[in-house]
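Visitor: Could you take me through one part of this model slowly, saying what pairs with what? I would also like to hear how far the prediction can be trusted.

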Amino acid sequence: MEDDSIEETVVVRYLLGDLPEEAQVQVEDRAFSDPEYLRLIEAVEADLIDSYVQGEMSLPERQQFESRFLASPQRQKKVEFARALARVAGESKPVLASAQAERAPTARYSWREALAQILRGRSPAFQFAMAAIILILAVVASWEVVQTVRLHGDMNQLEAERRLQQQREQVLQQQINQEHARAEELAAQMQQQGGHPAVASLMLLPEIARTQGSLPELVIPGPAQLASIQIQLEPRDVYPRFRAELRNRSGDEILTRANLRAQRSSTGRAVVLEVPASALNPGDYELALKGVSGEEMTDIGYYNFSVRKK
Amino acid sequence: MDGDLKSEENSLVPAQAPREKRRSELTQEAFDCFLKSLNPDRDIAAAKYLEVHKKLERFFEWRGCPFPQDHADEAITRTAQRIAGGDTITDPATYVIGVARLLLLEIHKETEKQKRIAAEQAELPQTSASSTDDSEIRVECLRGCLDQLPADNRELILLYYEGEKSVKINNRKRLTERLKMNVSALRMRALRIRERLMLCVETCVAK
């Protein structure tokens, strides 16, 4: 239940254009692969439109909504439809609402009557003072409630973002472990066959390379001629071509490859950079990957790793 | 209807540049290549094409773009042109989303530019003169469409959307008890009826 509420908070923020680009992409990717999540977004969208037409939004939310939702004729129609629905539903005499209305006046009468009883028979000055105190208390209480709700919403959001990040890191870590295991298995097979792998390989994952304590390591066995560096792409990294620039720790350019293309990999899509082993000395390196579309070039990421020879 | 839609668009997004400026030409050959890349079977490819187009429309709509359908067409056209030009794209359904994201940047840039020009010329959005009439027509259409619904669905949708916050909460709680379904299932059922109603209303308004 709490997870649902967190998810909905994220979707509301997404629909109001209040999420960072990366989180927006995550929401979209999930929506396009998970029909249930897509329906959730559509349901939240309908609720948001209803809140707007019924004036239940705060001013900033209203402004965000208007800039986002009134931009296209299609969405404008949804808003108009919601207005019509609210009006027609308000005109109807639903059974349940009537039943509730029958009880409501009793409740209202009770507290009003109680207040009247307190004030009855007192002087006008006393009545005025009491009314002022009640008004101040009501304002303070409302303010407290608003603050608490806001705080709760912020905490939910932070928690949601923290969980998303954790999940992502776990998945990436699993992928690294799998790749390491695969590489070790291959190396062991080669050793059993009395040889060494001719190609040394390393997989670099988005962000993880920078957030981990130790650098990913490319181990180049003595006889290896070639090092294959696979840079995992995120779904949003869609470019017709890629450019990779490899530099050593001093910033000297070791190698540049333009016109690289994305390839399918075991974990999605990747760009593979092949480097002659002779060009790599032991030490730390930085690899810059850029997306190239026409004449435009976009930075995708900077990946650090170290090279060890054995 | 075309006339209505045009005036509505102009009133809502006056700052938008003419769409033709951004639109690329989709040749039959490029379109065929795109379909083939989705699936060799043309019927399956056509179904996939519609699915991809709907996703793109949703994407542009969520991102607050002025003409989601046209933008979806443009993203597909650009992808189709690449395929027709000999690019090997293994997963066009995913690739086209990436193209849409690039297109989004262009749209935002252009919208900002147009907004600046409009602000300089003090051309503020004008409400369509026919908006009040439209809303009356829409309400009448909605009443007609509600009458066409089965009684249980009509009652459900009216109760679900009736009243303000606290009334709504109580109504929905009672509906879940009466229909013996959880809040989430009730919400989805109401959404389905709402979508059917909206389609009916828009068809009626267009007439």
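Guide: A good place to start is a single pair of residues, for A:Leu287 stands opposite A:Tyr303 in strand β9 of chain A. That pair belongs to a longer arrangement, in which strand β8 (residues 283-293) of chain A and β9(A) pair in the antiparallel sense over 11 bridges. The two strands form a hairpin with two residues between them, and in the turn A:Gly294 has a positive phi of about 60°. Strand β9(A), which covers residues 296-309, has a further partner in strand β2 (residues 217-220) of chain A, and here the two strands run parallel and are joined by four bridges. Within that parallel pairing, A:Val219 has A:Arg308 of β9(A) as its bridge partner. Strand β9(A) is thus paired with β8(A) in the antiparallel sense and with β2(A) in the parallel sense. As a general point, side chains in a regular strand alternate between the two faces of the sheet.

As for trust, this is a predicted model, and the mean pLDDT of chain A is 77, with 75% of its residues reaching 70 or more. Over residues 94-111 of chain A, however, the pLDDT is below 50, although this stretch has 14 contacts in the model beyond near neighbours in sequence. The strands described above, β2(A) at residues 217-220, β8(A) at residues 283-293 and β9(A) at residues 296-309, carry other residue numbers than that low-confidence stretch at 94-111.

Key
Residues are numbered from 1 along each chain as its sequence is written. Chains are lettered from A and ligands numbered from 1 in the order in which they are written. This is a predicted model: local features need pLDDT of at least 70, side-chain atom pairs count only at pLDDT 80 or more; totals for chains, interfaces and linings use all residues. pLDDT is the predictor's confidence in each residue, from 0 to 100. Two residues are in contact if their C-beta atoms, placed from the backbone, lie within 7 Å. Two strands pair if DSSP finds at least two bridges between them.
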